[in-house]
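Biologist: I'm new to this, so could you walk me through the model and tell me what the words really mean?

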Amino acid sequence: MHLFATDSDAFARWDAGQQLLRGAALARAGGQADDGLEEELIDAFRRILADPSLAESSRAALLALPGLPELEEAMVEPDPPALFSALLALRRRFGEALAAPLDQALERITPQWPLIWPAGCGDRRLTGLIWNWRVAAGDAGAIAAARAAVDGRSMTLARAGLQALQCHALPEREAAMAAFHQRWQERPVILDAWFGLEASAPFPDGLERVERLLRHPRFDPMAPNSVRSVLGGLAGNAPVFHAADGSGYRFLASRIAELDRRNPITASRLAKVFSRWRSYGSGRSSQMGQALEQLAAADLSTNSREVVEQCLGAA
């Protein structure tokens, strides 16, 4: 913990923090939060937020939580929905416990938002992280600021605002998503970000949401980027894709089989999301294996069949 809070070697400090944060997330995912470790992390974060020697980009890197893929690798039998909930709970706790220093940091960096890249880059990155934590804590000011960013001039801040609101069933989230869609609906490359966020929204109607996206008038089924945004967004949606009943696996297997008929390259790449199916617990592994068998039974292209057979044959 001392390395994380004070070490002068930037990489050593970041690496120490990532190890500690992995431990905190894994403990929560296992059902037993380590309150002592989390309190120590909060104290370390408080010192990092107050450290005048740090660039804002470095500060943001030190505060960043590990990603889901990395956490899955650290579990003997990965439980993606539990890990997702653990990360959300940590953001909420850190956002509540560090409300004052986070708000002070936000006040300090806000004047740098308009600076032209690379200036202001670290300030905007840290802003997104602060919004994430404070929105998770239910702070009305952060929720309003994240919503307002979608109407601003900075695409970085607009996306940061959407990401901060992403996991929360709030009116501001719906308004922000609608505003982003309205503003960028004529720009497919930008609108793909909207498709990806909608597909990865961790709400109970996740599969119905993806179905609607696939029928959306702005969705181009022949454009690989659009397809990856929606189906890739679903694959990264831990609560929906990894639902215990296997519905997410079966749904994606069906969509990949359909996609394979018109774009086998993209379909074969998407099929690789099933490659680690044996690493999960017996229930989830069985459900994912059944979805793979469902995909194997389809009339697949050479590319996709090779990927599916490699997945099924993986030890």
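Biologist: Which helix supplies the largest share of the lining of the largest pocket?

Modeller: That's α8, with six residues. Keep in mind that this is a predicted model, where local features need pLDDT of at least 70, side-chain atom pairs count only at pLDDT 80 or more, and totals for chains, interfaces and linings use all residues. Residues are numbered from 1 along each chain as its sequence is written, and side-chain values use heavy atoms, with hydrogens and water left out.

Biologist: What makes α8 a helix?

Modeller: Helices are DSSP runs of H or I with at least four residues, numbered from the N terminus. The run called α8 covers 121-136.

Biologist: What makes something a pocket, and what makes a residue part of its lining?

Modeller: On a 1 Å grid over the protein atoms alone, a pocket is an open set of points with protein on both sides within 12 Å along at least five of seven lines, and lining residues have an atom within 4 Å of a point. Here 42 residues line the largest pocket, and G67, L68, R91, Q163 and G236 lie nearest its centre.

Biologist: How does that lining divide by class?

Modeller: There are 22 nonpolar, 13 polar and seven charged residues. Asp, Glu, Lys and Arg count as charged, Ala, Val, Leu, Ile, Met, Phe, Trp, Tyr, Cys and Pro as nonpolar, and the others, Gly among them, as polar. So G67 and G236, both in that lining, count as polar by this rule.

Biologist: Why is N237 called buried?

Modeller: Buried means under 20% relative accessible area (1.4 Å probe, protein chains only). N237 has 1%, so the word fits. You'll find N237 in the loop between α14 and α15.

Biologist: What is N237 in contact with, leaving aside its neighbours within four places in sequence?

Modeller: A199, S200, A201, P202 and H242. Contact means heavy atoms within 4.5 Å.

Biologist: How do you know that α14 has a span close to the expected one?

Modeller: The expected span is 1.5 Å times one less than the number of residues. For the twelve residues of α14 that gives 16 Å, and the helix reaches 15 Å from its first C-alpha to its last.

Biologist: What makes a set of residues a nonpolar core?

Modeller: They must be buried Ala, Val, Leu, Ile, Met, Phe, Trp, Tyr or Cys, joined through side-chain atoms within 4.5 Å. The largest such core has 97 residues, and W133 is one of those that touch the most other members. The largest share of this core, eight residues, comes from α6.

Notes: Helices (H or I, at least four residues) and strands (E, at least two) are DSSP runs, numbered from the N terminus. On a 1 Å grid over the protein atoms alone, a cavity is a set of points where a 1.4 Å probe fits but cannot get out, and a pocket is an open set with protein on both sides within 12 Å along at least five of seven lines; lining residues have an atom within 4 Å of a point. Buried means under 20% relative accessible area, exposed over 50%, partly exposed in between (1.4 Å probe, protein chains only).
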